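Colleague: I would like to learn how to read the features of a model like this one. Could you take me through them in turn?

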Amino acid sequence: MTIEVRGLMRRYGGVAALDGVALAVGQGEFVALLGPSGSGKTTLLRSLAGLEFPDAGEVLIDGRDMAQVPARERGIGFVFQNYALFRHMTVFENIAFGLRIRPRRQRPGRAEIARRVEELLALVRLPGLEARYPEQLSGGQRQRVALARALAIEPRVLLLDEPFGALDAKVRKELRLWLRGLHDRLGLTSLFVTHDQDEALELADRVAVMRDGRVVQFDTPEVLLARPADAGVAGFLGDAAPVACEVRGGQAHFAALPPVAAEGVRDGRAVAFLRPVDLLAEPGAGAARVAAARQDGRGVRLTVELGGMLLEALPAQGWVPQRGEACCVRVLGARVFPA
Amino acid sequence: MRRATEEPAWLRWLLCLAAVGLLALFLALPLAAVFTEALRRGIGPALAALEDPDAVAAIGLTLLVAAIAVPVNLVGGVAAAWAIAQFDFPGRRLLTVLIELPFSVSPVISGLVYVLVFGAQGWLGPWLETRGLQVIFALPGLVLATIFVTFPFVARTLIPLMQAQGRAEAEAAATLGASGWQIFRRVTLPNIRWALLSGVLLCNARAMGEFGAVSVVSGHVRGETNTMPLHVEILYNEYQFVGAFAVAALLALLALVTLGAKAVLERMGGRRLESA
């Protein structure tokens, strides 16, 4: 299913939660809505589901205008931030709900419903928990019950509001990959809201970066990191540190770093966004000094002090940096925007 | 081990004593007095007082008024609480305040308002009279006054609960294809059922016991527009103490049964939540 949003506006009191959002999502895509809190991402998601009514603009699903279609007729699977499981129902009843409430003619029989619930519980890897109540489940289990409940109505669009927000780091990572696998297997078109850039960049085919009720950039993770649309996006992604510089003739000049290419940026004062992978630190006499070097599961995390700034950098191959050691820093690339 | 929040023993005892003492003095003692006075000359005269045709009529009328007023307030209270908790609409705050109005206005005034509106000299009185409808000094007036006075019980019990539970479950049900009625029947109602029962029981207790507003609109026609509380007053003023206290005891008994039922239901509700 394709989703298209045009000029979507939504105001609360005097504040615009959505300020002319445009977005087009293709069949089978897995899309992240990424942005700080208050950027309008949840409002956008709820507008797609019909839980929120935009003041202006259009939502088209498979080309059909959804303005007059209530939430219950959209057939969209929605997983709520705190799961919103029916607290007075067992896991079985929760998952069966969407089937039980169908008009009699479309309602599957009792045995068929039981079979479907069992199937869904196996799909979300929670067999044997039918009789539990939501309070008796862990966060990760609740999340998967919520997912199974949403999938019971066989939606072709799945919307997830901060699906991993309330889970601890380890469960979160497991569920991420599993959810991505599920999306691919079921041929869904999915959108999920997150404020965690790692989650968005790791999971999504494309990421819509939102700010102040607008989609400022909608691209693949590679493009977002390589060519951010503006300084805001550049600063938001990839742990980039903003460093003041001066652009002259297509090169950015720093106070304490070697110059780097900044093509297409007009001359004058500018800001360069430098990610840890943009900076290579090498041992030897230089202006920089090792401020901290920590080993974590992924390698050495190195912080260098240079001209009064603390910057994260990659250590050169085979070098074990010691605190206080002098080093020099090379700039491999930078995203430069006029100040 | 002493906890940080623990008070010294003498203070705890003092507080407990004060609470129990006040309860005994102001609640238990009068209740006990009602029953002793009723049975002062034995069970026979007390029962005889209850079999008096006027007493029977008063009991019947009280039950009838409650049987009409409570269901009306059940529906109205649920509707008001549902509207306030589930929707944002202009005037929502005002509605919340208005619901408490019957609690803050003196019942006598509530009754007087109905007399002013529906009475023979009131706004609608002449219009009603030409159609042969009597509201004041008749059953409709009693029911109206009772509904007004007892309206807040159901709504007030439900609003905080429904607000705390939020709208997420209802929204989830909507995305799964549920209609408004299905959401109410299968999601909202089961979540509020224990609070609803408790509110209905309180409402019922008050509907049977209401004196002030009912007194104004009743006209005190014996055997016709006298409810139990009014009957108690008449008997008492006529120095028929055994009769007065016998009817009062029955009324108190109804209230105690209601409270007992409420306590049992609340425990069941609590246990259900724990086991769930």
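Colleague: Let me begin with a backbone detail: where is the place of Asp212(A) in chain A?

Modeller: Asp212(A) sits in the loop between β9 (206–211) and β10 (214–219) of chain A. Helices (H or I, at least four residues) and strands (E, at least two) are DSSP runs, numbered from the N terminus. Before we go on, this is a predicted model, in which local features need pLDDT of at least 70 and side-chain atom pairs count only at pLDDT 80 or more, while totals for chains, interfaces and linings use all residues. Residues are numbered from 1 along each chain as its sequence is written, chains are lettered from A and ligands numbered from 1 in the order in which they are written, and side-chain values use heavy atoms, with hydrogens and water left out.

Colleague: What is the phi of Asp212(A)?

Modeller: The general idea first: most residues other than glycine have a negative phi. Asp212(A) has a positive phi of about 50 degrees, although it is not a glycine. Arg125(A), also not a glycine, has a positive phi of about 60 degrees. Arg125(A) lies in the loop between α4 (110–123) and α5 of chain A.

Colleague: Now the chains as wholes. How is chain A divided?

Modeller: Domain bounds come from an automatic or database domain assignment. Here chain A has domain 1 (3–229) and domain 2 (239–333), with their C-alpha centres 39 Å apart. UniProt, in an unreviewed entry, gives "domain: ABC transporter" for residues 3–237 of chain A. UniProt positions are in the numbering used here, feature names are shortened, and annotations may be inferred rather than shown by experiment. That span of chain A is 37% helix and 26% strand, and its end C-alpha atoms lie 25 Å apart.

Colleague: How many helices and strands does chain B have?

Modeller: Chain B has 13 helices and zero strands. Its C-alpha trace spans about 65 × 60 × 30 Å along the principal axes. The unreviewed UniProt entry places "domain: ABC transmembrane type-1" at residues 59–260 of chain B, a span that is 79% helix and 0% strand.

Colleague: Where does UniProt place the "transmembrane region" feature in chain B?

Modeller: The unreviewed entry lists residues 56–85, 97–120, 132–155, 194–221 and 241–265 of chain B. Take two of these in the model. Residues 56–85 of chain B are 100% helix, with end C-alpha atoms 42 Å apart. Residues 241–265 of chain B are likewise 100% helix, and there the end C-alpha atoms are 35 Å apart.

Colleague: On to the interface. What area is buried between chain A and chain B?

Modeller: The size of an interface is often given as the accessible area lost when the parts come together. Buried area is the accessible area (1.4 Å probe) that two parts lose on being put together, summed over both. Between chain A and chain B it is about 2000 Å², of which carbon and sulfur atoms give 60%. In contact terms (heavy atoms within 4.5 Å), 23 residues of chain A meet 21 residues of chain B.

Colleague: How many salt bridges are there between chain A and chain B?

Modeller: A salt bridge is a side-chain nitrogen of Lys or Arg within 4 Å of a carboxyl oxygen of Asp or Glu. The count between chain A and chain B is two, while the whole structure has 32 over all chains. Arg46(A) pairs with Glu171(B) at 2.7 Å, N to O. This pair runs from helix α1 (residues 41–49) of chain A to helix α9 (residues 168–175) of chain B. Glu169(B) forms a salt bridge with Arg87(A), the closest N and O atoms being 2.6 Å apart.

Colleague: Which elements give two or more residues to the side of chain A that touches chain B?

Modeller: They are α2 (71–74), β6 (76–79), α3 (91–100) and α5 (139–151) of chain A. The largest share, three residues, comes from α3(A).
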